[in-house]
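Biologist: Could you take me through this model and show me the reasoning behind each label? I would like to see values set against cut-offs.

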Amino acid sequence: MFDCRAQAWRPTGADATRVYDVVGIGFGPSGLALGIAIEEHNAAAGPERAVTATFLERQPRFGWHRGMLLPGTTMQVSFLKDLATMRNPHSTYSFVSYLHGQGRLVDFINGKSLFPSRIEFHGYLEWVAARLGHLVAYDAEVVDVRPVLDGERVVSFDVVTAAGSVTRARNVVVATGLRPTLPQGIERSERVWHTSELLPRLAQLGGEQPTRFVVVGAGQSAAEATEHLHDRFAGAEICSVFSRYGYSPADDSPFANQIFDPAAVDTFYAAGDDAKRMLVDYHANTNYSVVDLELIQELYRRAYQEKVRGTERLRFINVSRVTDVHDTGEDVVAVIRSLASGETSMLRADAIVFATGYQPSDAGDLLGEVGAYCLRDTDGRLSLRRDYRVETSPLVAGGIYLQGACQESHGLSSSLLSNTAVRAGEILDSLLDARTAAVPSSFALEVKSHV
Ligand SMILES: Cc1cc2nc3c(=O)[nH]c(=O)nc-3n(C[C@H](O)[C@H](O)[C@H](O)COP(=O)(O)OP(=O)(O)OC[C@H]3O[C@@H](n4cnc5c(N)ncnc54)[C@H](O)[C@@H]3O)c2cc1C
Ligand SMILES: NC(=O)c1ccc[n+]([C@@H]2O[C@H](COP(=O)([O-])OP(=O)(O)OC[C@H]3O[C@@H](n4cnc5c(N)ncnc54)[C@H](OP(=O)(O)O)[C@@H]3O)[C@@H](O)[C@H]2O)c1
């Protein structure tokens, strides 16, 4: 196991003379995939055409949804859709290469599955992060991006962290992922959690013997949290509350799965707004508010067996919503309203786990003053080109790119792993094209300190 914390962070000041070609904000899978694409380009192109890059990551070490790294859970994407293979099948950064290095390739093959455990895939991502350790600074939360001006022209960007360090670059790639969301009016507390923090919260329970958990939602996170709590706390009742009648299966059938193909991004991007909305509606059940069929069957089997035994501790409160919560300090009370009868009931629990999903955050907030140079669409979102470059004022020389939060323009694969490798290659190509198009001297631009 590699310890990514070992990588030293050498902050650069606003007066630093170094200007990177690219600063990546966020070093999750999207940042890693771009890092790989850049490393592979540099190895092939040689020092003259190399792209200089650095990534800033707010976590103290690499981690991919650690709070939900539950034993027994598996990936929802084929291992072939790793960080590199779809872009470069010869890559040494593939999941197969990782397996080979770990001495598990043949064992994995014998398992006959395309879907590794999430824990194993996390090991793969950590392995990549460690190999790219020279490109990243951890404990570096970006809070602002400032324009570096030459007259009216924005010649580069200063990326500022919470600790005050400044890194200067000609291009910025934002890949900060999605934000956990709670229903309106619900606040997190000691006993009100989001699934994104499930494991650390459970660890804090210490020797406590919980008697009841309430889980809210009917997506994959909700079903996995329900199963995990049921496994782990044999003396506790687990009550899952959701508005559906029952969990619905994720559509992972082959034709529907094509919505995640690289070519689907072209189709989606070129489509009109109505067609875009229609495609998301048709195929939302490939991803949102749905659960792997096997897990649905497992939860049903458990509940039925409990019924047979007459000791029911796995309960499903369907067609219902949690409308309020009261954390008393000792426990928490969930107010539950039946959407069918309108009746309200209360459930006292040790904790309520909201598995209510994630929302994109507006990258514009992070971009600070630079946001003023970015164009927005009629809904107020950053306007993106097909190559993920934000449309900016002609005064801006460099590029701002967005990875992830662009489902409205680029389709359902945007926040997922399916297309990460290919997208990273497209962003790198765009950077290289822009560099070729620019006057040669601009690439070797000397920094003028205007900050
Ligand atoms: C539990 C769970 C399981 C999932 N499993 C799958 C799956 O099997 N298959 C699939 O396709 N998708 C899956 N997803 C969807 C998920 O969005 C993608 O797997 C993936 O995480 C997207 O990568 P990303 O790098 O874009 O975002 P993230 O993984 O969210 O990474 C963003 C990174 O940016 C960092 N960051 C955020 N803000 C800042 C800042 N201001 N400054 C510096 N750093 C910052 C964060 O700390 C984080 O490391 C899953 C999601 C969850 C919640
Ligand atoms: N093993 C894995 O690979 C794995 C594990 C977990 C998650 N994931 C992925 O992570 C992503 C997110 O999944 P997720 O399950 O966290 O989120 P999700 O699919 O968006 O599901 C959110 C659930 O919360 C409910 N909800 C939302 N707002 C609510 C509110 N205000 N009140 C009550 N209920 C509310 C939704 O109900 P409605 O439908 O009624 O809105 C839905 O059931 C998906 O891509 C998923 O595939 C993968």
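Modeller: Gladly, and let us start with a backbone contact in this predicted model. An oxygen atom of ligand 1 sits 2.7 Å from a polar backbone atom of Leu417.

Biologist: What makes the pair at Leu417, at 2.7 Å, a polar contact?

Modeller: A polar contact needs two N or O atoms within 3.5 Å. The Leu417 pair is at 2.7 Å, so it counts as a polar contact. Pro29 offers a polar backbone atom 3.1 Å from an oxygen atom of ligand 1, and Trp64 places a polar side-chain atom 2.9 Å from an oxygen atom of ligand 1.

Biologist: How much of ligand 1 does the protein bury?

Modeller: The protein buries 89% of the 980 Å² that ligand 1 exposes when taken alone. Of the 27 residues around ligand 1, Ser30, Glu57, Gln76, Ser415 and Leu417 come nearest. The shell divides into 14 nonpolar, nine polar and four charged residues.

Biologist: And which residues are closest to ligand 2?

Modeller: Gln76, Ser221, Glu224, Asn287 and Arg321 are the closest of the 20 residues that surround ligand 2. By class, this shell has six nonpolar, 11 polar and three charged residues.

Biologist: How do you know that Ser243 makes a polar contact with ligand 2?

Modeller: A polar side-chain atom of Ser243 lies 3.0 Å from an oxygen atom of ligand 2. The limit is 3.5 Å, so the Ser243 pair qualifies. Ala218 has a backbone N or O atom 2.7 Å from an oxygen atom of ligand 2, and a polar backbone atom of Ser289 is 2.8 Å from an oxygen atom of this ligand. Taken alone, ligand 2 exposes 920 Å², of which the protein buries 77%.

Biologist: Which element gives the most to the shell around ligand 2?

Modeller: Helix α6 does, with three residues. Helix α6 (residues 220-232) lies across β9, β10, β11 and β15, and runs at about 170 degrees to β9.

Biologist: Why are β9 and β15 called paired strands?

Modeller: Pairing takes at least two bridges, and β9 (residues 212-216) and β15 (residues 351-354) share four, so they pair. Their sense is parallel, and Val215 stands opposite Val353 in β15.

Biologist: What makes β8 and β11 edge strands?

Modeller: Each of them pairs on one side only. The open sheet has five strands in the order β8-β15-β9-β10-β11, with parallel pairing. From one strand to the next, the twist averages 20 degrees.

Terms used:
Residues are numbered from 1 along each chain as its sequence is written. Chains are lettered from A and ligands numbered from 1 in the order in which they are written. This is a predicted model: local features need pLDDT of at least 70, side-chain atom pairs count only at pLDDT 80 or more; totals for chains, interfaces and linings use all residues. Side-chain values use heavy atoms; hydrogens and water are left out. Axes are lines fitted to C-alpha atoms, for helices over the stretch in contact, and angles run from 0 to 180 degrees between N-to-C directions. Contact means heavy atoms within 4.5 Å. A residue is near a molecule or strand if one of its heavy atoms lies within 4 Å of it. A polar contact is a pair of N or O atoms within 3.5 Å; within protein, one must be able to donate a hydrogen and the other to accept it, and residues adjacent in sequence count only if both atoms are side-chain atoms. Accessible areas come from the Shrake-Rupley method with a 1.4 Å probe; for residues, only the protein chains shown count as cover. Ala, Val, Leu, Ile, Met, Phe, Trp, Tyr, Cys and Pro count as nonpolar, Asp, Glu, Lys and Arg as charged, and the others, Gly among them, as polar.
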